[in-house]
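Hi,

Here is the structure I promised to pass on to you. Have a look at it first, and then read my notes underneath.

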Amino acid sequence: MLVYILKRIVYIFCILAVMSVLIFAITQALPGNVARMILGEFATVDQIQAIEEKLRLNDPLPLQYWRWVSALLTGDLGDSLVMERPVAPLISLSLQRSAILAFMSLFCVASIGITLGVIAAVKHNRAPDYGISFFSYLGISVPEFFWGILIILFFARYLGWIPATGYVPLSEGFGTWLSHLIAPVATLTLTLLANISRMTRSSMLEELGTNYVTAARAKGLPERVVLFRHALRNALLPTITVLAVGVGWLFGGIVVVETVFAYPGMGRMLLFAIEHRDLPLIQAGILIITAIYSLSNLSADLLYAYLNPRIRYGRTIA
Amino acid sequence: MTDPNNILEVNQLSLAYDTSYGSLVALDDVSFEIKKGECLGLAGESGSGKSTVARAILGLLGPEATIKKGSLMYAGADLRELSPEEQRSIRGNKISIVFQDPFTALNPSLTIGAQVAEPLIFHKGMSKSEALEKAVDLLASVGINRPREIIKAYPHQLSGGMQQRVLIATALSCDPDILILDEPTTALDVTIEAQILDLLDELCRTRQLGVLFVSHNLAVINRLCERVCILYAGRVLEYGKSSEVFSQPRHPYTKGLIASLASLGSEATNNRLTPIPGGLPDMTALPANCVFQPRCPFKESKCASEIQHLATMDDGRTVRCWKAQKEANLRWTDLPSDHGDVPQKQKASFQPSEKGFIEASNLTKTFSSEGILSELVAKLSKLHVFRDLQRSPHVKAVDGISLAIAPGEVIGLVGESGCGKSTLARCMVRLIETTSGEIFAEGKEISREPERKLKHFRQSAQIIFQNPDSSLNPRKTVGQIIKRPMVLFGLSHNAELDRRVSELLEMVRLPPAYAERYPHQLSGGEKQRVGIARALATSPKFIVCDEAISALDVSVQAAIINLLQDLKEKLNLSYLFISHDLSVVAHLSNRIAVMYRGIICEEGVVEEVLRPPFHPYTEALLSAVPRFDDKTAETTRIRLKGDVLAMAETSRGCRFHPRCPRKIGKICEEITPPVVESASGHRIACHLLTDEK
């Protein structure tokens, strides 16, 4: 097990190394001159040259890459070109806000999705199953921004229950803070729910058909024990993996949702950075998202191994 | 009718399944009773409805099954009329069941203790700790050593035999009145099967249990059950005392079943088997009245026109055949059997030619666990500091085996599962790469040849797999499946191809029209015939039959065995015939090789290896086979303890010594026994041999 974890961590570092090269290459390939972006349209050639000199943008690319990476390894993410401030605190603040959004959505997706999946499997090929399938497909086939707009129109404008957009820090009161989160979390949940509930449904159906579930029924156990103790426990294993992949989706969704709801998180910050060719900000942002994605997959695999005794314990003792 | 000794009475049970093809009558007028302390056998092939009976008794039928008629009387009440809640309180408590495949019947994510204790907690209201304490006793009572450790283990940590013991302990936990055993030993090795049967035999005798033993294996039923009920297509065809039914079967189907069994008895080995013609009936379109008549050689017009009732014979058994009383002594073998175009002849005493067609020399196959990092860890773990990381990275599946197969020769390869039979076979046809050693095909070394130079070898060496369901592409027609190898090797073209397909189908006795069918439209036996036809398509000289008949029903098995035998004689094929069924191997092979943990411990002509067996392992394997024909073997049983997979790797001495009933002493533990070859080519690796001299 220890070997496995070590191996995975080595892999993650390899992935990050490859990603850093890719990110660097892509940001270099972005159209537009960085210096001109910073200085505005009416900058003179001399001014541009001065900036390029100052930022050492004319050095050979490998050298620039090396400078960036070696700074990264010492924990220095560089300075934002546009805002002329260190990147690290900027990212850390928006990352915190996005993390709140992501965790709440993930929690809702997991709890609601698994519940719906179990109900659908138990009521296989009956009305509840069809209903759940229909709504979860509807959720996945309609893009996030549509749900976002629909929620704003109905709950914020028409009913006036929640604020339409924006973000309020926790210091202004729990209620107000939460009310600003409801709409974006609901939107993200809707789009991810289908994956989880479908996955839970199919693995639960598979479990219900296994011999050990039949054996559990043959023992005369109450149906709830058969369902939760014998079937669901095993059915959750594949669901965990899907949840981890969902984290990747979530980051894709967050960019859109944060824009729709004017929520100042990672997604909006990245969008801003790309619009303004703020290379250090883009690079650091993408790298951090990559790291989060890799780590969430690792933790899913570890959780999977922990819950699965076939991995946790070796073979044959008698 | 109602005998106070009967604890379960099944009366005229009729049951139907709703399928997309309409209603399917799975059981029709099935009646039997189980007495206290008695073991009743329920025998039948696939689709006979034997598992449906078991499920009906437990109230575990799915929503698509409906009981049309009949009653299931237990303790004065009809089980059918109980509420679901009442049925549940009986299930696992008063009536319990052990399923076929122990590995899938245990929940992989719960500990053994939790699973054994469950019925006690829910039926007897015990606390968790009380129930676990009882579980320890139960495990000990079914012969599990160190039960306190085992209750903390997970199912995958136990061997198949141990898992089955765990399930038996679970079934017995609440002291049931009735124990249903649904093919309890079918998934196990013959040595483990023998251990489990001994255990069941003892349990039946010591506890006043009523046992319903469901199995397709007549020999196992004969060993354990006083009475037997023969089921075919959901109908009881014969029902009576096992000894009488098996020694003097009255129903043509029972006669056919017994005639189609390969036997280990010496006189039987040279005869051809007499299979039941045809296949199992289509349950959605059953023949009228007598369901067996399309396959019955004794049939007359009355069989189809008149309803067949179960009639009581003079000796008390009941038989569903109007001719049973009249023609009781008519034997199945008296009939003109389907010998086809091959004349019946004695198995020729085989004269191996100088050179083997295929020869393995000092073959070794090692499976290493994975990757460079693990190897590094394995190396690190040799250092004291990292000892915790240690695990065994290498498994020697085949360890220095030499084996030659001559043209036209059949070598039977036997041994328990996990001994390396399949690995050896796959190495020999180069489906997997060998670690070291050489393979010669027609005198040419091929073990290191690159794939592109193997074309000729690939054409001449083929394989038939165990499970025809998974080895035939479901999206291709039978014709396409058989054509594929011929196209691949450029053996024939266009119209010639279709002609070859018909020819091959005819060779495996399938109608040419089958070329248009898809695998799912065929029965198990037919699919395996297609598998054989595909293997024959390249006109090979050597075929590996890897448990090729094990998944088939008894009545179909015999026909495939005969087919393989005929083809061998017609085409001068060599087979490497892998099977766990010693009687089939003995029937078909010229020579037998007995494998144990990656080595061959005995090899030679069938007569010399089996009659009588010399190597203690061969002897133990042979004595573990439930014998149908030979009751005397029962008294001199040798039982191997433990299980191959659970044994620690023995680095020195004879590999078999930890389980050997005839161990001499220190020499067995310390010195690897040399292979001694007799003049007749009988090779044995055992110290007993040198000891006797």
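Below is what I found, going from the cores to a sheet and then to the aromatic residues. Please keep in mind that this is a predicted model.

**Nonpolar cores**

The largest nonpolar core has 102 residues, and the members that touch the most others are B:F32, B:I57 and B:F213. If you centre your view on B:I57, you can pick out its contacts with B:L8, B:V10, B:F32, B:L72, B:L79, B:I95, B:I180 and B:L212, leaving aside residues up to four places away in sequence. Another core, of 67 residues, lies apart from the largest one; B:V190, B:L504, B:L510 and B:L582 are among its members.

**A sheet in chain B**

Chain B has an open sheet of four strands, in the order β2-β1-β4-β5, and the pairing is antiparallel. At the edges are β2 (22-35) and β5 (77-78) of chain B, each of which pairs on one side only. Strand β1 (residues 6-19) of chain B runs antiparallel to β2(B), and 10 bridges join the two. For a landmark in this pairing, try B:E9, whose bridge partner in β2(B) is B:E33.

Helix α1 (residues 50-58) of chain B lies across β1, β2 and β4 (65-74) of that chain. The helix runs at about 110 degrees to β1(B).

**Aromatic residues**

Over all chains, a search of the whole structure gives 14 aromatic pairs. One of them is A:F134 with A:F135, an edge-to-face pair at 5.2 Å centre to centre and with 80 degrees between the planes. A:F134 counts as exposed because its relative accessible area is 51%, and exposed means over 50%. A:F135 is also exposed, at 56% relative accessibility.

Then there is the pair of A:F174 and A:W177, which is tilted, with 5.6 Å centre to centre and 40 degrees between the planes. Both residues lie in helix α8 (residues 174-208) of chain A, three residues apart, or about one turn of the helix. Which of these two is buried and which is exposed? A:F174 is exposed, with a relative accessible area of 54%, whereas A:W177 is buried, at 11%.

Also in chain A, one aromatic cluster is formed by A:F24, A:Y65 and A:W68. Back in chain B, B:R517 lies over the face of B:Y514, 4.2 Å from the ring centre.

Enjoy exploring it!

Best wishes

How values were computed
Residues are numbered from 1 along each chain as its sequence is written. Chains are lettered from A and ligands numbered from 1 in the order in which they are written. This is a predicted model: local features need pLDDT of at least 70, side-chain atom pairs count only at pLDDT 80 or more; totals for chains, interfaces and linings use all residues. Side-chain values use heavy atoms; hydrogens and water are left out. A nonpolar core is a set of buried Ala, Val, Leu, Ile, Met, Phe, Trp, Tyr and Cys residues joined through side-chain atoms within 4.5 Å. Buried means under 20% relative accessible area, exposed over 50%, partly exposed in between (1.4 Å probe, protein chains only). Contact means heavy atoms within 4.5 Å. Two strands pair if DSSP finds at least two bridges between them. Axes are lines fitted to C-alpha atoms, for helices over the stretch in contact, and angles run from 0 to 180 degrees between N-to-C directions. Rings of Phe, Tyr and Trp (its six-membered ring) pair if their centres lie within 6.5 Å; planes under 30 degrees apart count as stacked, over 60 as edge-to-face and the rest as tilted. A charge sits over a ring if NZ of Lys or CZ of Arg is within 6 Å of the ring centre and within 35 degrees of the ring normal.
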